[in-house]
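Please look through the structure shown below with its sequence beside it, and follow the report from one part to the next. The sections take up strands, sheets, a surface patch, a loop residue and charged pairs in turn.

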Amino acid sequence: MQVNKKIKAFTLSEMLVVLVISGIIITITILVLGLVQGQIRNVQNIYNTDTEIRLLERTLWGDFNKFNLTYDNNNERILGTSEIDTVVYHFRNEYIVRNIDTIRTTVIKKKIFLDGIEVTSGAFDALELQLSKEIKNKKLFVFKKNDATHYMN
């Protein structure tokens, strides 16, 4: 009768090697996952910023064609009036308020034009906004064509 039968099994050193390799793979996986999540957050922030800019541009185009606009340089606001409604844009440091809506975009520079000439206040027919450096200094230019009644008044 044979008492010393060998049982096939892993040695302690083999198990430690497997644990170390598994630990390294899990650590690398967690690091890569963190990088991917950071990239996803960046893409989402860029998308949200682009959406805000498109919203601002679309709203400005609509208001330019719907309202008679004047710019108040002292209060940094645009007032739009029509027979039916009014709209007010307030320019703040990090956002623009349109009536009660907040558009989160930083405007570095505003230029107001009337018949192609830059003006500082009063009636205008074109607006150029230079947005913040985070948005690659994007410029928005919105205008309307003046009709005969504009020149008659």
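## A hairpin of two strands

In this predicted model, strand E1 (residues 68-72) and strand E2 (residues 77-81) pair in the antiparallel sense, and five bridges are found between them. Along this pairing, Leu69 of E1 stands opposite Gly80 in E2, while Asp72 stands opposite Arg77 in E2. The hairpin formed by E1 and E2 has four residues between its strands, and in this hairpin Glu76 takes a positive phi near 50 degrees.

The two faces of E1 can be told apart by how they are covered: Leu69 and Tyr71 belong to the covered face, whereas Asn68, Thr70 and Asp72 belong to the uncovered one.

## The sheet of six strands

E1 also pairs with strand E8 (residues 122-123), again in the antiparallel sense, and here there are two bridges. Thr70 has Ala123 in E8 as its bridge partner.

These pairings belong to an open sheet of six strands, whose order is E5-E4-E3-E2-E1-E8 and whose pairing is antiparallel. Strand E5 (101-103) and E8 stand at the edges of this sheet, and because each has a single partner strand, one side of each is left without a neighbour in the sheet.

## The sheet of four strands

Another open sheet is formed by four strands in the order E7-E6-E9-E10, with antiparallel pairing. Its edge strands are strand E7 (117-119) and strand E10 (139-143), each of which pairs on one side only. From one strand to the next, the twist averages 30 degrees.

Within this sheet, strand E6 (residues 107-114) and E7 run antiparallel and are joined by three bridges, and the bridge partner of Phe113 in E7 is Glu118. Helix H1 (residues 12-66) packs on the sheet, where the helix touches strand E9 (126-131) and E10, and the direction of H1 makes about 15 degrees with that of E10.

## A nonpolar patch on the surface

Which residues make the nonpolar surface patch of about 530 Å²? The patch is made by Val20, Ile24, Ile28, Val32, Val36 and Ile40. One of these residues, Val20, lies in helix H1, and Val20 counts as exposed because its relative accessibility is 52%, where the cut-off for exposed is over 50%.

## A buried lysine in a loop

Lys144 has its place in the loop between E10 and helix H2 (148-152). Is Lys144 buried or exposed? Its relative accessibility is 17%, and Lys144 therefore counts as buried, since buried means under 20%. If residues up to four places away in sequence are not counted, Lys144 touches Phe64, Asn65, Phe67, Asn68, Phe124 and Asp125. Among these contacts, Asn68 has already been met on the uncovered face of E1.

## Three salt bridges

How many salt bridges does a search of the whole structure find? The search finds three. In one of them, the side chains of Asp63 and Arg98 meet with an N to O distance of 2.8 Å. Asp63 lies in helix H1 and Arg98 in strand E4 (residues 96-98), so this pair ties together parts that are 35 residues apart in sequence. Asp63 is buried, with a relative accessible area of 5%, and Arg98 also counts as buried, at 18% relative accessibility.

In another salt bridge, Arg77 is joined with Asp72, and the closest N and O atoms are 3.6 Å apart; these are the residues that stand opposite each other in the pairing of E1 and E2. Arg77 counts as partly exposed at 26% relative accessibility, and Asp72 is partly exposed too, with a relative accessible area of 21%.

Glu76, described earlier for its positive phi, forms a salt bridge with Lys110, the closest N and O atoms being 2.7 Å apart. This pair links distant parts of the chain, since Glu76 is in the loop between E1 and E2 while Lys110 is in strand E6, and the two are 34 residues apart. At 30% relative accessibility Glu76 counts as partly exposed, and Lys110 counts as partly exposed at 22%.

Notes:
Residues numbered from 1 in each chain as written. Predicted model: local features only at pLDDT ≥ 70, side-chain atom pairs only at ≥ 80, totals over all residues. Heavy atoms only, no water. Buried < 20%, exposed > 50% of the residue type's maximum accessible area, 1.4 Å probe, protein only. Pairing = 2+ DSSP bridges. Axes fitted to C-alpha atoms, helices over the stretch in contact; angles between N-to-C directions. Contact = heavy atoms within 4.5 Å. Patch = residues over 30% accessible without salt bridge, like charges linked within 9 Å, V, L, I, M, F, W, Y side chains within 5 Å. Areas by Shrake-Rupley, 256 points an atom, 1.4 Å probe, with all protein chains shown as cover. Salt bridge = Lys/Arg side-chain N within 4 Å of Asp/Glu carboxyl O.
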